[in-house]
Amino acid sequence: GVMLETVANKSFENLMKEKLFNPLALNTASYGSPATIDSISQPYGHFANSPIKKDFPDYISPMGNVAISIGDWSNFVLFHLNAYQDINQIILDSFTLQKLHTPPNSATWENSDLEVWIAKTIYGLDLKTFSYAFGWATKMESDGNYLLFHNGQGSSFSARVEADPESKSAILIVTNAKVDLDRLRDAAKTIRRYYTAKTNLPDHF
């Protein structure tokens with residue numbers, strides 16, 4: 001974030017608005033807790049059943065901290081899924097987007113026992129089989145499809161997205177509370193089980 005600000009002589013938040021939010025018409029996207037931006041119509045986050053108006057401090061912005069409507073978040077995910085369709089892309093071409101979804105073959109991970117425990121206990125991740133691309137966690141299914149997913153969590157909000165580029169389908173879940181991320185994964189499984197009976201969705205993430 002600091003490097004980008006230094007080179008462009010602009011704040012990180014303004015750069016993201018100029019280079020990402022505006023071109024993709026993500027009009028609701030901003031940084032910080034929704035209630036900080038609009039305390040009347042936007043929800044407060046919660047931690048241990050207590051409402052929290054402000055989430056992480058502003059300097060966390062380069063690692064996330066985005067507030068966005070479900071509709072605009074869906075459009076952002078579709079922007080990534082369109083990389084696998086015959087659609088003219090804006091900002092990044094399809095090849096570059098697909099590269100962002102693919103873990104480097106040369107990547108090696110060295111994790112301490114504590115890191116393994118934290119990943120498993122807090123984030124529900126098995127680092128022995130965990131593959132991380134450039135901003136997306138990935139899983140290769142038995143049919144050869146790449147499945148993309150990612151968790152997001154501040155001090156008082158939690159979110160999860162699961163996307164299948166092959167079927168161009170995705171599940172997005174968000175709650176205005178800091179919760180065990182396994183709950184979001186379990187909720188996604190329930191949603192997928194229900195809709196798989198009605199349409200063609202991937203069975204597993």
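Q: What makes the pair of side chains Ser-169 and Ser-167 a polar contact?
A: A polar contact is a pair of N or O atoms within 3.5 Å; within protein, one must be able to donate a hydrogen and the other to accept it, and residues adjacent in sequence count only if both atoms are side-chain atoms. The side chains of Ser-169 and Ser-167 lie 2.7 Å apart, so the pair fits the limit of 3.5 Å. This is a predicted model, where local features need pLDDT of at least 70, side-chain atom pairs count only at pLDDT 80 or more, and totals for chains, interfaces and linings use all residues. Residues are numbered from 1 along each chain as its sequence is written, and side-chain values use heavy atoms, with hydrogens and water left out.

Q: Why is Ser-169 called buried?
A: Buried means under 20% relative accessible area, exposed over 50%, partly exposed in between (1.4 Å probe, protein chains only). Ser-169 has 13% relative accessibility, so Ser-169 counts as buried.

Q: Why does His-80 count as buried?
A: The same reasoning helps here: His-80 has 7% relative accessibility, so His-80 is buried too. His-80 is found in helix α4 (helices are DSSP runs of H or I, at least four residues, and strands are runs of E, at least two, numbered from the N terminus). Leaving aside neighbours within four places in sequence, His-80 is in contact (heavy atoms within 4.5 Å) with Leu-97, His-101 and Trp-136.

Q: How do you know that β7 and β8 pair?
A: Two strands pair if DSSP finds at least two bridges between them. Strands β7 (residues 146-153) and β8 (residues 158-164) have six bridges, in the antiparallel sense, so they pair.
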